[in-house]
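Please take a careful look at the structure shown below before reading on. The briefing after it goes through the model topic by topic.

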Amino acid sequence: MIIAISSDHAGYKLKEQLVELLSKEYKVINFGTFSEESCDYPDYAKKVAVAVQKKEADKGIILCGSGEGVCIVANKFKGIYAGLCYSEETAKLLSEHNFANVICFPARVKLCEKEITVEMLYKWTKIWLSTENSKEPRHINRIQKIKIIEEENFK
């Protein structure tokens, strides 16, 4: 499996730590940023979305301060199903129910007053990667509706 990953300056440290962990098991393409110098998250989210869209990577991971900005950008690309992950449950549901091919993580948001750690991100990534898309008709039907909306709006 090939994983594309990027972040803005807010997610840089966690991204680099996550790259180190994931590189032991997967081929990882690191699209940057490569420092904590302020940069624009759309530039880095686009790189991952394009790599997944063009099938240069099987899955994508993107980080920014809230995770929301990169998620918005990634979902502007046809065929990209990006979702914000902030727990084990959302990691599972992103694959199982939403068929997400890009997962977005917050780097600066505290969860129940706890800082987000690379251990959390690694665990959530592993859950997301190991959870299969649901075969239940209700979920497949919903994804088909998303694809119809996508065809209507990506001209």
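What follows describes the sheet, the helices that pack beside one another, and a few single residues.

This is a predicted model, and its description begins with an open sheet of 5 strands, which pair in the parallel sense in the order β2-β1-β3-β5-β4. Helix α5, residues 118-130, lies across β1, β3 and β5 of that sheet, and helices α1 and α4 each pack with α5.

**The sheet and its edges**

- Strands of a sheet pair through backbone hydrogen bonds, and the pairing can be either parallel or antiparallel.
- In this open sheet of 5 strands the pairing is parallel, and reading across the sheet gives the order β2-β1-β3-β5-β4.
- The strands β2 (27-30) and β4 (82-84) stand at the edges, where each has a single partner strand, so one side of each is left without a neighbour in the sheet.
- Neighbouring strands of this sheet are turned against each other by 20 degrees on average, when direction is ignored.
- At one of these edges, β4 pairs with β5 (residues 102-106) in the parallel sense over 3 bridges, and Ala82 stands opposite Val102 in β5.

**Strand β3 and its two partners**

- On one side, β3 runs parallel to β1 and is joined to β1 by 5 bridges, with Ile3 standing opposite Lys59 in β3.
- β3 also pairs with β5, again in the parallel sense and over 5 bridges, and here Leu63 stands opposite Phe105 in β5.
- Because 6 of the 6 residues of β3 are buried, this strand is largely enclosed by the rest of the structure.
- The side chains can be sorted by direction: Lys59, Ile61 and Leu63 point one way from β3, while Gly60, Ile62 and Cys64 point the other way, and all of them are buried.

**Helix α5 and its neighbours**

- Helix α5 lies across β1 (2-7), β3 (59-64) and β5, and runs at about 150 degrees to β3.
- Two packed helices are described by the angle between their axes and the distance between the axes.
- For helix α1 (residues 12-22) and α5, the axes come within 9 Å and cross at roughly 50 degrees, and α1 and α5 are therefore oblique to each other.
- α1 passes α5 in a right-handed crossing, in which Leu14, Gln17, Leu18, Leu21 and Leu22 of α1 meet Val118, Leu121, Tyr122 and Thr125 of α5.
- Sorted by character, the residues of the contact of α1 with α5 are 7 nonpolar, 2 polar and no charged.
- Helix α4 (residues 88-96) packs with α5 at an angle of about 25 degrees, with the two axes 8 Å apart, and α4 and α5 are therefore roughly parallel to each other.
- The crossing of α4 and α5 is right-handed, and the contact is made by Glu88, Ala91, Lys92, Leu94 and Ser95 of α4 together with Lys123, Trp124, Ile127 and Trp128 of α5.
- Sorted in this way, the residues of the contact of α4 with α5 are 5 nonpolar, 1 polar and 3 charged.

**Three single residues**

- Ile103 has its place in strand β5 and is buried, because its relative accessible area of 0% falls under the cut-off of 20%.
- Leaving aside the neighbours within four places in sequence, Ile103 is in contact with Gly60, Ile61, Ile62, Gly83, Cys85, Leu94 and Trp128.
- Although Ile103 and Pro137 are 34 residues apart along the chain, a separate value describes them in space, where their C-alpha atoms are separated by 23 Å.
- Ser7 is found in strand β1, and at 0% relative accessibility Ser7 also counts as buried.
- Again leaving aside the neighbours within four places in sequence, the contacts of Ser7 are with Tyr12, Lys15, Gly32, Thr33, Tyr44 and Leu63.
- Ser38 has its place in the loop between β2 and α2 (41-53), and Ser38 is exposed, because its relative accessible area of 60% lies over the cut-off of 50%.
- The C-alpha atoms of Ser38 and Phe154 are separated by 31 Å, and these two residues are 116 residues apart along the chain.

Terms used: Residues numbered from 1 in each chain as written. Predicted model: local features only at pLDDT ≥ 70, side-chain atom pairs only at ≥ 80, totals over all residues. Heavy atoms only, no water. Pairing = 2+ DSSP bridges. Helix = DSSP H or I, 4+ residues; strand = E, 2+ residues; numbered from the N terminus. Axes fitted to C-alpha atoms, helices over the stretch in contact; angles between N-to-C directions. Contact = heavy atoms within 4.5 Å. Parallel < 35°, antiparallel > 145°, perpendicular 65-115°, else oblique. Left-handed = near helix turned anticlockwise from the far one by under 90°. Nonpolar A, V, L, I, M, F, W, Y, C, P; charged D, E, K, R; others polar. Buried < 20%, exposed > 50% of the residue type's maximum accessible area, 1.4 Å probe, protein only.
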